[in-house]
Amino acid sequence: MKILIIGATGTIGRAVADHLAARHEVLRAGHSSGDLRVDINDAASIAALFATVGQVDALISTAGRVHVGPFATMTDAQARLGILDKLFGQISLTRLALPSITDGGSVTLSSGLASRLYRPGFSVLSAVNAGLEAFGRSGATDMPRGIRLNIVSPGAVRETMAAMPGGAAMLASAMPAAEVALAYVRLVEGKETGAVVDAGQI
Ligand SMILES: NC(=O)c1ccc[n+]([C@@H]2O[C@H](COP(=O)([O-])OP(=O)(O)OC[C@H]3O[C@@H](n4cnc5c(N)ncnc54)[C@H](OP(=O)(O)O)[C@@H]3O)[C@@H](O)[C@H]2O)c1
């Protein structure tokens with residue numbers, strides 16, 4: 001398969017790309033670095049990327065930023081970041097990419113277990129991730145030409161927690177990115193659609 005990974009310069013995307021590269025042609029796109037660059041918030045940038053790479057059998061997104069922090073003091077700009085970047089960015093990417101995905105191909109997006117785990121500081125993160133999971137389940141019924149749509153919902157990733165101030169407390173339950181990546185591999189290489197696959201815990 002020819003597989004395009006957006007977010008491939010990141011912690012999870014790199015691990016997904018490394019797994020899939022053993023069996024497939026993998027195209028790795030980043031935002032600020034890499035040979036292929038794209039901004040999922042910019043339709044012209046997405047169009048330019050597909051003009052370069054052409055048709056693909058599978059699109060994976062491990063991109064999307066979101067602010068985590070106390071709700072009462074959160075600014076509008078911080079709240080908008082996740083809703084516009086991670087939620088709308090991935091929905092828009094899916095819609096704009098459809099003409100460039102082969103019949104029976106697949107789209108796999110990233111949410112996160114905060115969709116169903118509620119903690120102080122997670123309010124917008126939970127809303128964004130729950131929105132993506134609803135989009136995956138519902139959107140899968142509305143994909144043309146047999147295209148499959150699925151979501152991976154990662155928990156805390158070990159490499160991220162190791163690098164994050166205060167993340168050490170979550171290291172014991174965090175999953176290595178290479179293991180989280182197996183959920184993406186399963187969805188791309190399998191037959192499922194409308195699935196939300198949890199990868200790890202928080
Ligand atoms: N790591 C975790 O513990 C964890 C847990 C739960 C859920 N998740 C979710 O899993 C996904 C991937 O996480 P990660 O830890 O791998 O993130 P990451 O290390 O920060 O990597 C993000 C990737 O997305 C790219 N990117 C950022 N903004 C973009 C944009 N506007 N357009 C296109 N690409 C963009 C980045 O490119 P540049 O580096 O060039 O900016 C990078 O390649 C995210 O949606 C995250 O919320 C992660």
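Biologist: What makes the K86 side chain a polar contact of the ligand?

Modeller: In this predicted model, a polar side-chain atom of K86 lies 2.7 Å from an oxygen atom of the ligand. The cut-off for such a pair of N or O atoms is within 3.5 Å, so K86 qualifies.

Biologist: And what makes G7 and T11 count?

Modeller: Here it's the backbone. A backbone N or O atom of G7 is 3.2 Å from a ligand oxygen, and for T11 a polar backbone atom is 2.9 Å from one. The limit is 3.5 Å, so both pairs pass.

Biologist: How much of the ligand does the protein cover?

Modeller: 80% of the 910 Å² of accessible area that the ligand has on its own.

Biologist: Where does the ligand sit?

Modeller: In the largest pocket. That label needs more than half of the ligand's atoms within 2 Å of the pocket's grid points, so the ligand meets that test.

Biologist: Which elements give two or more residues to the shell around the ligand?

Modeller: α1 (11–20), α3 (76–97) and α5 (158–163) do. The shell has 28 residues, and T9, I12, S32, K86 and T160 come nearest. By class, that's 10 nonpolar, 15 polar and three charged. Gly counts as polar, so G7 goes under that heading.

Biologist: What about the pocket itself, how big is it?

Modeller: Its volume is about 1100 Å³. The lining has 42 residues, with I12, T62, G64, K86 and T160 closest to the centre. The classes there are 20 nonpolar, 18 polar and four charged.

Biologist: Which element gives the most to that lining?

Modeller: α1, with three residues. Others that supply at least two include β2 (25–30) and α4 (123–139).

Conventions:
Residues numbered from 1 in each chain as written. Predicted model: local features only at pLDDT ≥ 70, side-chain atom pairs only at ≥ 80, totals over all residues. Heavy atoms only, no water. Near = heavy atom within 4 Å. Polar contact = N/O pair within 3.5 Å; in protein donor to acceptor, adjacent residues only side chain to side chain. Areas by Shrake-Rupley, 256 points an atom, 1.4 Å probe, with all protein chains shown as cover. 1 Å grid on protein atoms, 1.4 Å probe; cavity = no way out; pocket = protein on both sides within 12 Å on 5 of 7 lines; lining within 4 Å. Helix = DSSP H or I, 4+ residues; strand = E, 2+ residues; numbered from the N terminus. Points joined across faces, edges and corners; volume = space filled by probe spheres on them.
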